[in-house]
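Colleague: I am new to reading structures, and I would like a close look at a single part. Could you pick one and walk me through it slowly?

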Amino acid sequence: MQRYNILWADDEIDLLKPHILFLNNKGYDVTPVNSGADAIEKFENEYFDIVFLDENMPGMSGLETLGLIKANKPTIPVVMITKSEEEYIMEEAIGSKIADYLIKPLNPNQILLSVKKILDNKRLVTEKTNLNYQQDFRNLSMAFSEHLTHSEWVDIYKKLVYWELEIDNTENRSMAEVLENQKVEANANFSKFIIENYRDWLNDPSVSRPLLSHQLMKERVFPKLNKDRPLFFIVIDNLRYDQWKIIEPSILDYFNVDEEELYYSILPTTTAYSRNAIFSGMLPLEMAKFHPDIWVGEDNDETKNKNEETFLARQIAKQRLDIKHSYNKVIHTNQGKQVLDSISNLMSNDLNVIVYNFVDMLSHARTDMQMIRELAHDESAYRSITNSWFIHSPLLETIKRISEKGAAIIITTDHGTIRVKRPFKIVGDKKTNTNLRYKQGKNLGYDGKNIFAIRKPEEFHLPKLNVSTSYVFAMEDNFFAYPNNYNYYVNYYRDTFQHGGVSMEEMIIPIISLTSRNG
């Protein structure tokens, strides 16, 4: 076990010898000094892992000593020790970024707990996390083999994300590969579950089915409308549940979570289908049938999500809602700043919809730009970049402003994304769409069973261009590659984040209701 060096400054240091001996016996080397000045001298000439400072020393006080130590080495953990319970002293110490605050008389175990919490935290967290995950590993694996419901799959996915984030916080992430393999196993079983149940969800009202994209606004957004308080409905494109959990702490400074729910994206898990379904309140076949003037099909090169505002207006009219609403789409930072500047004006609306495209842009940039691949080389780094963007974005500033105004927020997404690893050969004609996770076309050629093939699109409420149109969805972490350009596809797209197919990450996605802490 590593031995740590502790510098302890106290003008009554001789009275603390029992505590020092106690720490010595526990494996810590303690250097005692009688004053702040002596502490500074020792600190400048020797290395210490942690510093204990008595606040009330003659000459240079503990707070003064703390300031000089932090100026020299800002990251050194310092524990302030004092007889005083004066609030201003506590605030001064906390404001100076102390690691802990202890009040005399000291208890040996109290000191030991503080030291372990500061110096052994990562090791202890790693050991406990790995042990707990190993205990849960068997339970999760056994659950995959059972006949699970859609809500039980949500629980499984939430548990896997929980362990993923916990393991992220451990040293060396030694269990990460084990968890990754377990996620692969889970997705294989989840894909079978979707094949068995998805059509019934869309057609049989008697079966138990999850909340789906086209039901989102009617079931979760419109019921939250309140004439006394505006509602902001924020759709962050491509936001997975794990990414939500990473940005959530920044939001909790300003909002309370009323409800966190996971719903299921429809197929294909792409903006053209799932997000248009949210705003239209319809499945794709019905969008194409009832809104032919604004539905953009696969045979059209136009942007597939350019008519969201019109879909939204028509759904509001269909629901006979007497409300005033707005729609804003943010693709660039300047657009985000414009929305931020307009919050006061938006407060006069009953419903304000804001679509943020950054996370989707990040996933595409990671595919196309080597630098982004290096920065987001794995799931953990991808989450980190998402969080870095969020805490510096106009979106967080917008959320702060909305909280100040006392309005409510619902945050959601249209689909998630999965890091693809295994190529799956497929053949299509020139009119076949380019998405790597699903293909729509006629005479699609492929070998193998590890796909979700839909030969009668109308049974799945999907439009078709001609009588022989079929859909094929990649499952788990597969991606489609053409044989005539196979090596290029494999080298360029392997280990990129894609969406459109069947996986927990793409289909099981968050919707969160938030209430301002300002009332």
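Modeller: Happy to help: we will look at one residue first, and then visit a helix and a pair of strands. Please keep in mind that this is a predicted model.

Our residue is E308, found in helix α13, which covers residues 308-318. Is E308 buried or exposed? Its relative accessible area is 0%, and buried means under 20%, so E308 counts as buried. What surrounds E308 there? Beyond its neighbours within four places in sequence, E308 is in contact with T271, R275, N276, F279, Y327, K329 and V355. With one of these, R275, the side chain of E308 makes a polar contact of 2.6 Å. Another, K329, is 21 residues away along the chain, and its C-alpha atom is 9.5 Å from that of E308.

Now for the helix, α20, made of residues 486-493. Here Y489, V490 and Y493 are the buried residues. They line one face of α20, because they fall within an arc of 100° when you look down the helix axis. A general rule is handy here: an α-helix has 3.6 residues a turn, so residues three or four places apart point the same way. On the face of α20 turned away from the buried side you will find N487 and N491, which are exposed. Just after α20 comes D495, with a positive phi of about 70°.

Last, the strands: β1 (residues 4-9) and β2 (residues 28-33) run parallel and are joined by 6 bridges. Between them the chain passes through helix α1, residues 17-25, in a right-handed β-α-β crossover. In this pair, Y4 stands opposite Y28 of β2.

Conventions:
Residues numbered from 1 in each chain as written. Predicted model: local features only at pLDDT ≥ 70, side-chain atom pairs only at ≥ 80, totals over all residues. Heavy atoms only, no water. Helix = DSSP H or I, 4+ residues; strand = E, 2+ residues; numbered from the N terminus. Buried < 20%, exposed > 50% of the residue type's maximum accessible area, 1.4 Å probe, protein only. Contact = heavy atoms within 4.5 Å. Polar contact = N/O pair within 3.5 Å; in protein donor to acceptor, adjacent residues only side chain to side chain. Arc of directions from axis to C-beta. Pairing = 2+ DSSP bridges. Right-handed = clockwise from strand over helix to strand, strands pointing away.
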